[in-house]
Each structure stands twice: as C-alpha cells, then as structure tokens.
Amino acid sequence: MSGQLLRNPARLLFRGALGSRRAATATGAGTPGGEGKKNVVTERHGTIMTIGINRPEARNAVNQETAANLLQAFTSFEDDTSLTVAVLHGIGGNFCAGYDLKELAHNPTSIKLEQDVTKCPGPMGPSRMKFSKPVIAAVSGYAVAGGLELSLLADLRVVEQSAIFGVFCRRFGVPLIDGGTVRLPRLIGLSRALDLILTGRPVGAQEAYEFGLANRIVPNGQALQSAVELANQISAFPQQCMRGDRSSAYYSVFDATSFTEALQFEFDAGVQVISKESLPGAKKFSLGVGRGGKF
C-alpha cells in the first residue's frame with residue numbers, strides 16, 4: 001500500500017456499531033474532579049479487545065497507576081483464549097505523551113527500578129511483555145517518549161495524518177528503558193533509529209510511514225475504527241498458522257543466533273499446523289475458495 005490515506009466507506013457503519021457497543025470494562029481508580037473516571041478503559045468487540053489510555057488531561061501520560069492498569073489489561077488479553085487481537089489507543093486525541101514527568105518530579109520513588117528486567121514490568125507497564133497474539137496501535141496526536149515505546153510494542157501501527165512520533169524525553173535527560181532502543185532499530189534500521197534517538201525531533205505520519213514506523217495512514221479521527229477493522233481482517237484467518245508465522249518472524253529477529261536456527265524454528269512451528277489448518281485449507285482451495293487472490 002502507498003502512503004496515501006486509508007479510506008473505506010464501511011467505516012461509517014463501523015463507527016455506529018462501535019458507539020453502540022461501548023463500555024465493557026474499565027480499570028483504575030477514580031480521579032479528583034472526575035468521579036468514576038478510569039485511567040485505562042477496555043472494551044470488547046467480538047474477539048477484539050480495545051485498550052484505551054484515559055488520561056486526556058495529561059495527553060495520556062502514564063503514571064504508576066496507569067502503568068499497572070495497562071499491564072493488567074494486556075495480561076487479561078493474553079490469557080483470554082477467545083480474544084484474537086488487541087488494539088491499543090489513546091482517548092481524547094493523543095496516543096500517549098510518555099511517562100508522567102510531573103509524577104516523577106514530585107514523587108521520585110514512583111518508578112520502581114529493579115535491576116533484573118525479568119523480575120518486574122517496565123515503567124510504562126506492559127512494555128516488556130511478549131505476546132502470542134497480534135497487537136495493533138491506533139495512533140493519534142502525540143506518541144512520544146514512553147508513548148513511542150508503547151507503540152513499538154504493537155505489531156502494526158495505524159496512524160492518523162496529524163500524529164507525531166518522537167523521543168521527546170531527550171530534552172529532559174530521561175532514558176528509553178521500555179524497549180525503545182531495542183525495538184526501534186530492529187523495526188526501522190539503526191541509522192534511522194539513531195536519527196530519532198539522538199535528536200529527539202518530531203516525526204510526522206508521512207515520514208513515519210516512509211521509515212516503516214507507520215503501517216497505515218488514515219484521516220484524523222479514524223485511527224481506532226481503522227485499527228479495529230484491520231484487527232477483524234487478521235482475525236478471519238486460520239489462527240494457529242498465522243500465530244506460528246508471527247512467532248517465527250519475532251524469533252528470527254530477536255532470539256535466533258543463526259540463520260539455520262531461525263529456519264529450524266520456522267519449520268518446527270509450521271509443521272504443527274499442516275494437519276490442523278493447511279490440509280483443510282487446501283481442500284477449500286480445491287473447491288474454488290480464494291481463487292484469484294480473493295480474501
């Protein structure tokens with residue numbers, strides 16, 4: 001697909017359906033001046049879970065409580081076998097402005113810094129998790145500092161045309177300790193990653209698409225519904241095969257020590273689905289299903 005805006009008339013129908021199915025679950029305590037308001041809101045749309053950061057007054061900056069709520073939400077998604085894809089988004093016009101530096105300034109002990117990264121979650125919450133199922137980020141407004149790192153947790157990023165990425169924490173001496181220096185170079189290459197990491201400069205949607213940081217560009221206000229539509233498309237495929245291929249791709253990039261080891265992992269993952277999904281799929285194809293590349 002080109003870097004042009006993703007357009008689909010069916011989105012209008014989806015928008016109405018989304019509005020009618022709001023409010024499945026929310027986590028997080030109420031806040032002063034907003035009784036009943038939750039820092040993280042989760043909703044279920046069939047087999048899709050949406051996870052919304054709900055601190056618009058702080059451009060969805062993540063404080064300690066919100067980080068814990070995000071971790072809880074993603075753990076619930078991972079553990080629920082009936083869910084196929086999660087969509088992470090920000091409520092109120094911004095994806096996430098990073099860690100809440102005001103909380104850090106007034107409460108320096110708010111971040112628990114365990115030396116061993118295997119023993120605790122990241123400061124942003126779920127940033128050290130590895131998922132067995134796809135995650136999509138619906139990015140609007142600012143996705144900067146720790147917010148950029150949260151977007152990198154996703155497999156795909158659906159980005160509104162006015163969205164801004166950047167390592168804005170560069171200005172304040174705050175390091176990337178939620179996987180940013182690990183995932184970003186693997187995703188867009190070392191040279192481009194260093195451009196962002198060293199300068200902290202803002203990167204718009206079109207440049208992010210050219211870098212490979214954004215996978216889709218959509219009109220403003222349509223990231224969430226576009227991401228859910230994409231999630232539904234992914235969910236329609238035979239799931240064991242798709243997840244096996246996804247797992248192999250991650251293994252080859254982050255864990256394999258050699259090309260041969262990566263090939264072995266790919267084969268071992270793939271051979272398990274042949275009798276369960278490949279053979280039934282071949283029979284469907286022989287009957288004319290999916291001919292001509294039809295989805």
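Colleague: Which residues form one aromatic cluster?
Modeller: This is a predicted model, where local features need pLDDT of at least 70, side-chain atom pairs count only at pLDDT 80 or more, and totals for chains, interfaces and linings use all residues. Numbering runs from 1 along each chain as its sequence is written, and side-chain values use heavy atoms, without hydrogens or water. Rings of Phe, Tyr and Trp (its six-membered ring) pair if their centres lie within 6.5 Å. The cluster is made up of F74, F77 and F131.

Colleague: How are the planes of Y250 and F254 arranged, stacked or edge-to-face?
Modeller: The structure holds 5 aromatic pairs, and Y250 with F254 is one of them. Both sit in helix α9 (a DSSP run of H or I, at least four residues), 4 residues apart, about one turn. Their centres are 6.2 Å apart with 20 degrees between the planes, and under 30 degrees counts as stacked.

Colleague: Y250, F254 and V253: buried or partly exposed?
Modeller: Relative accessibility is 31% for Y250, 33% for F254 and 38% for V253, which is also in α9. Buried means under 20% and exposed over 50% (1.4 Å probe, protein chains only), so each of Y250, F254 and V253 counts as partly exposed.

Colleague: Which helix gives the most to the nonpolar patch?
Modeller: V182, Y250, V253 and F254 form that surface patch (nonpolar side chains joined within 5 Å, each residue with over 30% relative accessible area and no salt bridge, a Lys or Arg side-chain nitrogen within 4 Å of an Asp or Glu carboxyl oxygen). Together they have about 310 Å² of accessible area (Shrake-Rupley, 1.4 Å probe). With 3 residues, the top contributor is helix α9.

Methods:
Patch = residues over 30% accessible without salt bridge, like charges linked within 9 Å, V, L, I, M, F, W, Y side chains within 5 Å. Helix = DSSP H or I, 4+ residues; strand = E, 2+ residues; numbered from the N terminus. Phe/Tyr/Trp six-rings, centres within 6.5 Å; stacked < 30°, edge-to-face > 60°.
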